[in-house]
Amino acid sequence: MAVRVIFFGNSLSTFSARHFAALLDVPGELVGVVDVPATKQNTTNPLAAVGLLNFVDEARKRNIPAYQPSDPNTSSFASELAKLEADLFLAAGYAIILKEVILELPKLLAVNFHASLLPAYRGKHPVFWALRSGEKLSGMTVHAMDPGIDTGDIIYQVRIRTRQDDTVATMYKRIMDQSMDFVRKLIADAEHNRIPRQPQPKNTGSYFSSTTEDDFQLDWTWSAEKIKLFITITPGKCFAIVGGGKVYFFNAQKEVGVTTYSPGTLQNIRKTRATVATGSGVLSSSLIQIEGGEPESFAGFCRREGFHPGDSLTG
């Protein structure tokens, strides 16, 4: 008999969409889907790729029950899910901690796909935080869910090397490319009641939470290497206050040489790139966007705003 599965995810997340698509390609019976509430749909890997499925829309096309409870951990919602008689819960990108009232429902197990090498980087946005921390390795851990935050037994794990030019999107893609087969393996192991489990090490690991606007504000007193890393990881998300307004940076490059200018001083304006002194080294960028504006060259912006080499961008 096919394994009956309820899928939990974020309908605006590529991470959720790819795992859902993989689930549709394996022998199992999808009996329900659960989406995070709209207030929890913030994601560092938004659904953007052509051809990826919004799992809620796809479930409704197939007449499969779809839910979006504001609080999944209620007795009334538990009663609703219990009617579906699921063998397995599969969560990927579901940003709400499920409590015992929900976790006790599946006949076999509730399982989560988490994009880190647990016990490191428990919590939200693990790829973002791993890249921010300069990790050499990241990966995917499939683990049993318990009432803690990503603390359940490890089922499968794969390690993936990071690269200097990685963005959150490219790292997520490489992780998922290597880990999609875990969906097929999980369903096969569940069908034969042989899901492996290895407890996580005690008193180890790390936890990270949601991002805030402060996490994306650049500081020119940082090193050029650090500023470049932050911009590269999330192009168009990191900003500096220039002339009293927010300027978002899409790319960055650490320039060769040193500077005698103080941090935040415009050092040079080229055809499209402009260079800025930092706390250690010189940084250049060619593409920026002011708040509410359109992407433009950093050099063009500096000329338009009347900045000259030697001027402070910090006001």
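The following paragraphs go through a central strand, a helix, a surface patch and the cysteines of a predicted model.

Local features are reported only at pLDDT of at least 70 and side-chain atom pairs only at pLDDT 80 or more, while totals for chains, interfaces and linings use all residues. Residues are numbered from 1 along each chain as its sequence is written, and side-chain values use heavy atoms, with hydrogens and water left out.

Strand 4 covers residues 88-92, and 5 of its 5 residues are buried, so the rest of the structure largely encloses it. Buried here means under 20% relative accessible area, exposed means over 50%, and partly exposed lies in between (1.4 Å probe, protein chains only). Helices (H or I, at least four residues) and strands (E, at least two) are DSSP runs, numbered from the N terminus. In a regular strand, side chains alternate between the two faces of the sheet. In strand 4 both faces are covered, with Leu 88, Leu 90 and Ala 92 buried on one side and Phe 89 and Ala 91 buried on the other.

Strand 4 has parallel partners in strand 1 (residues 4-9), through 5 bridges, and in strand 5 (residues 109-114), also through 5 bridges. Pairing requires that DSSP finds at least two bridges between the strands. Ala 91 of strand 4 stands opposite Phe 8, and Ala 92 stands opposite Phe 113 of strand 5.

Helix 1 (residues 14-24) is likewise largely enclosed by the rest of the structure, because 8 of its 11 residues are buried. Among them are Phe 15, His 19, Phe 20 and Leu 23. The N-terminal end of helix 1 is capped by Ser 13, which has a side-chain oxygen 3.1 Å from the backbone nitrogen of Phe 15.

At the surface, the loop between strand 7 (137-144) and strand 8 (154-161) holds Ile 149. Ile 149 counts as partly exposed because its relative accessibility is 31%.

What keeps Cys 238 from forming a bond with the closest cysteine? The sulfur of Cys 238 is 18 Å from that of Cys 302, the closest cysteine sulfur, and this is too far for a bond. Cys 302 is in no disulfide either, its nearest cysteine sulfur being that of Cys 238. A disulfide is taken as a pair of cysteine sulfur atoms within 2.5 Å, and by this rule the count is 0. Cys 238 counts as buried because its relative accessibility is 0%, and Cys 302 is buried with a relative accessible area of 0%.

Definitions and conventions. Patch = residues over 30% accessible without salt bridge, like charges linked within 9 Å, V, L, I, M, F, W, Y side chains within 5 Å. Areas by Shrake-Rupley, 256 points an atom, 1.4 Å probe, with all protein chains shown as cover. Salt bridge = Lys/Arg side-chain N within 4 Å of Asp/Glu carboxyl O. Polar contact = N/O pair within 3.5 Å; in protein donor to acceptor, adjacent residues only side chain to side chain.
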